[in-house]
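Please open the model in the viewer and keep the sequence at hand. The tour proceeds by selection, with a short account of what is found at each stop.

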Amino acid sequence: TLNHSKPHNMSSPQSPIILPSDPHKHAQLANAVLMVRPTSFKFNIESFETNPNQKNIQQNNAMEEFAASVKLLTDNGVHVIVMEDVSEYDKVWNDERSPDEIFPNNVFGTMPDGSIIVYPMLNRNRQLEAKRLKHIRSALAKENYQASHVVELLHGPKGEALEGTGSLVIDHDGGVVYMARSERSSPLVLKRFMNLHSKYYKKAVCFDSVQSQERGQGMPFYHTNVVMSIGEGFALVCLESIKDETERQLVVDTLKESGKEVIDVSLKQTEESFCCNALEVRTRDGQDKVIIMSESAQKGFTTDQLKRMKDTGSKIVALPITTIEQIGGGSARCMCMEVWKDRNNA
């Protein structure tokens with residue numbers, strides 16, 4: 001299966017990557033995030049076919065919301081690496097080609113083993129974002145992150161996609177990868193991912209997750225991270241969206257086997273407030289934990305659900321990203337590419 005991907009050796013003798021004490025077990029939480037300034041952000045007609053959450057509205061406050069979000073995260077101890085617009089570096093890039101650049105976690109991902117993965121995207125105008133690899137590496141290198149190697153995970157023979165940690169919700173600590181099947185999330189490409197990372201991830205749990213008739217005409221949810229999020233001690237899951245009882249029970253049982261407290265999120269909370277689109281990270285100094293979500297998600301949760309998350313020892317940081325959610329059809333987690341960075345060099 002390795003011939004389906006293109007690994008590039010970029011080893012560094014002193015690569016500043018956090019490795020857990022067990023070489024076959026990763027830490028669950030990254031301690032930095034990379035975010036891309038939305039210079040060319042707008043409604044993406046190509047992705048709208050599979051994401052009915054997008055709205056083609058005229059008001060676009062994305063730049064202001066992004067700046068406020070970066071400041072809020074930084075003020076709460078999160079190490080944020082900001083990727084600037086690449087048009088100043090690469091004239092090939094322009095606003096017609098990068099409407100969703102604000103969601104880098106779909107195209108790229110750093111892994112706790114020190115690698116960078118380039119994922120295969122469904123839509124052409126998002127496939128072009130892979131050209132940013134050299135700029136992603138440059139932004140990370142400025143923060144003392146040197147990748148051990150890069151893997152380009154290729155499309156399937158019929159153009160099948162796997163859109164990063166939009167498609168994959170990973171329990172690093174438990175060695176389990178979860179994926180909701182959709183046009184953007186192919187079991188075939190998932191199998192290749194698992195073969196490449198078999199040392200760390202022993203099990204893949206696939207399931208069908210369906211949107212409501214009112215919001216999504218009963219279509220599959222486009223990304224797994226819209227219906228699921230896994231933290232260090234808890235998991236947010238929209239169990240109502242998983243119609244098959246056997247698949248639903250498998251998700252619950254597997255999460256509990258990994259020691260996660262399962263917090264059930266309703267379909268209404270998921271579709272109207274992006275409640276599952278959250279990400280738990282460690283602060284820059286490694287001392288505290290933060291759950292990144294949007295203001296709409298925080299308002300959408302019940303008091304009990306918020307308490308259960310906070311009781312795991314984490315602080316909630318809610319980002320003011322209403323416009324980004326409406327136009328982009330994605331929320332706080334989508335904006336953050338996890339980076340496992342050496343805390344001693346932070």
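Select Leu34 and Ile81: Ile81, in strand β3 (residues 80-83), is the bridge partner of Leu34. Strands here are DSSP runs of E with at least two residues, numbered from the N terminus, and two strands pair if DSSP finds at least two bridges between them. The model is predicted, so local features need pLDDT of at least 70 and side-chain atom pairs count only at pLDDT 80 or more, while totals for chains, interfaces and linings use all residues. Residues are numbered from 1 along each chain as its sequence is written, and side-chain values use heavy atoms, leaving out hydrogens and water.

Extend the selection to β2 (residues 32-36). Strands β2 and β3 pair in the parallel sense, over four bridges. Next, add β16 (residues 337-339), which runs antiparallel to β2 and is joined to β2 by three bridges. Here Val339 is the bridge partner of Ala32.

Now display the side chains of β2. In a regular strand, side chains alternate between the two faces of the sheet. Ala32, Leu34 and Val36 lie on one side, Val33 and Met35 on the other, and all are buried (under 20% relative accessible area, with a 1.4 Å probe and protein chains only).

Finally, select Cys275 and Cys276. How many disulfides are there? The count is zero, a disulfide being a pair of cysteine sulfur atoms within 2.5 Å. The closest cysteine sulfur to that of Cys275 is in Cys276, 7.0 Å away and therefore too far for a bond. For Cys276, the nearest cysteine sulfur is that of Cys238, at 5.8 Å. Cys275 is buried, with a relative accessible area of 0%, and Cys276 is buried, also at 0%.

How values were computed: Buried < 20%, exposed > 50% of the residue type's maximum accessible area, 1.4 Å probe, protein only.
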